[in-house]
Amino acid sequence: MDFLSQLLDRQISSSFIQAGVVPNLTNCQAITFRPGSRPIANLTACLNKNGIEIDDLFSLLNDDPKALSNILRNISIKNNQTILLILDQFEEIFTLCLD
């Protein structure tokens, strides 16, 4: 099992990932976002900022919960580059999200 797979099997702080892991990844686009009170809107904005444009992510996810995974996988294959989506402050989904 490679190093990234081992990390994904554990709960690790995002600061460790940002400081210790991301700088050492090769052929990987690391995207970090904070959910805030509007997680889907914030994720969409973050992805757009990183060159991944997705129209109406909320509707896509309502129709197919795997939509984001499928989109990112297809982009990853097309670009021959791993995409690592880092969710910083996961607890905000429970403490700030109004949906």
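Is leucine 87 buried, exposed or partly exposed, and what is its relative accessibility? Leucine 87 counts as partly exposed because its relative accessibility is 30%. The cut-offs run like this: buried is under 20% relative accessible area, exposed is over 50%, and partly exposed is in between, using a 1.4 Å probe and protein chains only.

A quick word on what you're looking at. This is a predicted model, where local features need pLDDT of at least 70, side-chain atom pairs count only at pLDDT 80 or more, and totals for chains, interfaces and linings use all residues. Residues are numbered from 1 along each chain as its sequence is written, and side-chain values use heavy atoms, with hydrogens and water left out.

Let's go to helix H3, which covers residues 39-49. Helices (H or I, at least four residues) and strands (E, at least two) are DSSP runs, numbered from the N terminus. Pro39, Leu43, Thr44, Cys46 and Leu47 are the buried residues in H3. They sit on the same side of H3, because they cover an arc of only 165° around the axis; that arc is taken from the directions from the helix axis to the C-beta atoms. The general rule behind this is that an α-helix has 3.6 residues a turn, so residues three or four places apart point the same way.

And what do the buried residues of H3 pack against? Their partners are strand E1 (28-33), helix H4 (57-63), helix H5 (67-79) and strand E2, where contact means heavy atoms within 4.5 Å. After H3 comes glycine 51, with a positive phi near 85°.

Strand E2 spans residues 82-87 and holds leucine 87, and isoleucine 83 lies in E2 too. Isoleucine 83 is buried, with a relative accessible area of 17%. Its C-alpha atom is 6.0 Å from that of alanine 30, although the two residues are 53 apart along the chain. Leaving out residues up to four places away in sequence, isoleucine 83 touches Gln29, Ile31, Ile52, Leu72, Ile75 and Ser76.

Follow that last contact and you land in helix H5, the place of serine 76. Serine 76 counts as buried at 18% relative accessibility. With the sequence neighbours up to four places away set aside, serine 76 touches Gln81, Thr82 and Ile83.

Finally, the cysteines. Cysteine 28 is buried at 18% relative accessible area, and cysteine 46 is buried at 12%. A search of the whole structure turns up zero disulfides, a disulfide being a pair of cysteine sulfur atoms within 2.5 Å.
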